[in-house]
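Here is a short tour of one protein model, from its overall build down to a few side-chain contacts. Please have a look at the structure first, and then read on.

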Amino acid sequence: MARPIKETPILFGEDARRFVERMNQVRKETPEERERRLADFELGMKMLDLGERTKKKSV
């Protein structure tokens with residue numbers, strides 16, 4: 001049986017201020033990092049597709 005999901009904590013004070021500040025910062029990504037991230041995503045999608053096709057064949 002699944003365990004119950006805990007409540008999401010609420011941030012107050014300094015923790016909340018730091019969280020909002022960090023969320024408002026835009027992270028820069030170099031073209032090389034973007035290319036690597038997209039290549040990793042494509043590889044993951046191919047692996048998922050191959051796994052789904054293999055799963056369908058064995059059923």
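## A pair in the second helix

Let us begin with Asp40, which is partly exposed at a relative accessible area of 41%. Asp40 forms a salt bridge with Arg36, at 3.5 Å from N to O. Both residues belong to helix α2, which covers residues 31–58, and they sit four residues apart, about one turn of the helix. Arg36 has 57% relative accessibility and counts as exposed, because the cut-off for exposed is over 50%.

Please keep in mind that this is a predicted model.

## Overall build

Stepping back, what does the secondary structure of the protein come to? There are two helices and zero strands. With a radius of gyration of 20 Å, well over the 10 Å that the globule rule gives for 59 residues, the protein is more spread out than a compact globule. Along the principal axes, the C-alpha atoms fill a box of roughly 55 × 45 × 10 Å.

How much of the protein is made up of buried residues? The share is 0% of the 59 residues. The accessible surface comes to about 6,700 Å², and carbon and sulfur atoms account for 59% of that.

## Charges and salt bridges

The protein carries 15 positive and 12 negative charges, and the mean positions of these two sets are 5 Å apart. Side chains of opposite charge can pair when their charged atoms come close. Across the whole structure, a search finds seven salt bridges.

Helix α1 offers a nice place to look at such pairs. Arg18 forms a salt bridge with Asp15, at 2.5 Å from N to O, and another with Glu14, where the closest N and O atoms are 4.0 Å apart. Within helix α1, Asp15 and Arg18 are three residues apart, while Glu14 and Arg18 are four residues apart; the second spacing is about one turn of the helix.

These three residues are part of a network of salt bridges that links Glu14, Asp15, Arg17, Arg18 and Glu21. Arg18 is partly exposed at 45% relative accessibility. Glu14 is also partly exposed, at 42%, and Asp15 is partly exposed at 41%.

## A nonpolar patch

Leu11, Phe19, Val20 and Met23 make a nonpolar surface patch of about 380 Å². Where is Leu11 placed? Leu11 lies in the segment before α1, the helix of residues 13–24. Leu11 counts as partly exposed, with 41% relative accessibility.

Definitions and conventions: Residues are numbered from 1 along each chain as its sequence is written. This is a predicted model: local features need pLDDT of at least 70, side-chain atom pairs count only at pLDDT 80 or more; totals for chains, interfaces and linings use all residues. Side-chain values use heavy atoms; hydrogens and water are left out. The radius of gyration is taken over C-alpha atoms; the globule rule is 2.2 Å times the number of residues to the power 0.38. Buried means under 20% relative accessible area, exposed over 50%, partly exposed in between (1.4 Å probe, protein chains only). Accessible areas come from the Shrake-Rupley method with a 1.4 Å probe; for residues, only the protein chains shown count as cover. Lys and Arg count as positive and Asp and Glu as negative; His and the chain ends are not counted. The place of a charge is taken as NZ of Lys, CZ of Arg, CG of Asp or CD of Glu. Patches are made of residues with over 30% relative accessible area and no salt bridge: like charges are joined within 9 Å, nonpolar side chains (Val, Leu, Ile, Met, Phe, Trp, Tyr) within 5 Å. A salt bridge is a side-chain nitrogen of Lys or Arg within 4 Å of a carboxyl oxygen of Asp or Glu.
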